[in-house]
Amino acid sequence: MSAMEAKDKTVAIVLAAGQGKRMNSDVQKQYLLLHDKPVIYYALKTFQESFIDEIILVVGKGEKEYCRKEIIERFSFTKVRDIVEGGRERYHSVASGLKAATGEGYVFIHDGARPFVTQEILERAYCAVREHHACVVGMPVKDTIKIVDGNCFAKHTPDRETLWQVQTPQAFTLELAKKAYGTLLGKEEELQEQGVRITDDAMVVETFLQHPVKLVEGSYENIKITTPEDLQIAEAFL
């Protein structure tokens, strides 16, 4: 059965609450213009036109009304069921999105600053999450990676064949994602004291539920807009 024929409920949580501090701009990265449209438009358009049933958009504090008028209504993104405010860290924003997600099925968590997610990537992720209950999109690294010490001396060179650069969407059963994030929030103070940084959703599932996560091929073009140079690359892709 293809993803387009599937009947399981699917919800996308699109994160647009990042501050974009590395962009050197007063405008948050998800609202910067890319070919006359905000960066966030492209990811939302892909989810709107996909098999995904509904979208929950997570935005920064005080941005709900702006996003409703200038993004959702302006571009007729009818699948956006809810707009919620995110939190201080990325995982707080994901938790806010999960809280708004109801029922059972699958959740696709995606960074709104990744404009080049495609229908094909979503299809591959859907097939994998149905089989494995947890998957992340990514690609094998092209460069040699060095593990360094506190003084930036090389300590170890891991085998490049075993390394992937992780992207989004990251997809899970809704039950699994909610359980993992609930555990994370319950241990938040302990993790902060230990200096543990949560950088992606797979890490939450791996760490707190010891659940295996399947890697699924994304695309080298599925970049995240983080720096001004990334915006130039994105313009070239378009």
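## A tour from the sheet outwards

Ile109 stands opposite Gln170 in strand E10, and that pair is a good place to start. Keep in mind that this is a predicted model. Select residues 106-111, strand E6, together with residues 164-173, strand E10. The two strands run antiparallel and are joined by four bridges. Strands of a sheet pair through backbone hydrogen bonds, either parallel or antiparallel, and you will meet both kinds here.

**Stop 1: around E10**

Stay with E10 and colour it by burial. Seven of its ten residues are buried, leaving the strand mostly covered. Now add strand E7, residues 134-140. E7 pairs with E10 over six bridges, again in the antiparallel sense. To find your place in this pairing, click on Cys135, which stands opposite Ala171 in E10.

**Stop 2: from E6 to E1**

Go back to Ile109 in E6 and look for Ile13, which stands opposite Ile109. Ile13 brings you to strand E1, so select residues 10-16. Here the direction is parallel, with six bridges joining E1 to E6.

**Stop 3: the whole sheet**

Now show every strand of this sheet. It is an open sheet of seven strands with mixed pairing, in the order E5-E4-E1-E6-E10-E7-E11. At the edges are E5 (80-85) and E11 (214-217), each pairing on one side only. On average, neighbouring strands are turned by 25° against each other, direction ignored.

While you are at the E5 edge, select helix H2, residues 64-73. H2 lies across E4 (54-59) and E5, running at about 145° to E5.

**Stop 4: an enclosed helix**

Select residues 39-48, helix H1. Is this helix enclosed or open? Nine of its ten residues are buried, so H1 is largely enclosed by the rest of the structure. Among the buried residues are Tyr41, Tyr42, Phe47 and Gln48.

**Stop 5: helix H5 and its two partners**

Bring up helix H5, residues 174-186, with helix H3, residues 90-100. Their axes are 10 Å apart and the helices pack at an angle of about 135°, which makes H3 oblique to H5. The crossing of H3 past H5 is left-handed. Show side chains for Arg90, Tyr91, His92, Val94, Ala95, Leu98 and Lys99 in H3, then for Leu174, Ala177, Lys178, Tyr181, Leu184 and Leu185 in H5, which they meet. This contact divides into nine nonpolar residues, one polar and three charged.

Next, swap H3 for helix H7, residues 201-209. The axes of H5 and H7 come within 9 Å and cross at roughly 75°, and the two helices are therefore roughly perpendicular to each other. From H5, the contact uses Leu176, Lys179, Ala180, Tyr181, Thr183 and Leu184; from H7, it uses Asp201, Val204, Val205, Phe208 and Leu209. By type, these residues are eight nonpolar, one polar and two charged. Look again at Tyr181 and Leu184: they take part in the contact with H3 and in the contact with H7.

**Stop 6: Ala128**

Finish in helix H4, residues 119-132, where you will find Ala128. Why does Ala128 count as buried? Its relative accessible area is 10%, and the cut-off for buried is under 20%. Which residues does Ala128 touch, leaving aside those up to four places away in sequence? They are His133, Cys135, Lys214 and Val216. Try a distance label from Ala128 to Val216: these two are 88 residues apart in sequence, yet 7.3 Å apart in space, C-alpha to C-alpha. Cys135 is a familiar face, as the residue opposite Ala171 in E10.

Technical notes. Residues numbered from 1 in each chain as written. Predicted model: local features only at pLDDT ≥ 70, side-chain atom pairs only at ≥ 80, totals over all residues. Heavy atoms only, no water. Buried < 20%, exposed > 50% of the residue type's maximum accessible area, 1.4 Å probe, protein only. Pairing = 2+ DSSP bridges. Axes fitted to C-alpha atoms, helices over the stretch in contact; angles between N-to-C directions. Contact = heavy atoms within 4.5 Å. Parallel < 35°, antiparallel > 145°, perpendicular 65-115°, else oblique. Left-handed = near helix turned anticlockwise from the far one by under 90°. Nonpolar A, V, L, I, M, F, W, Y, C, P; charged D, E, K, R; others polar.
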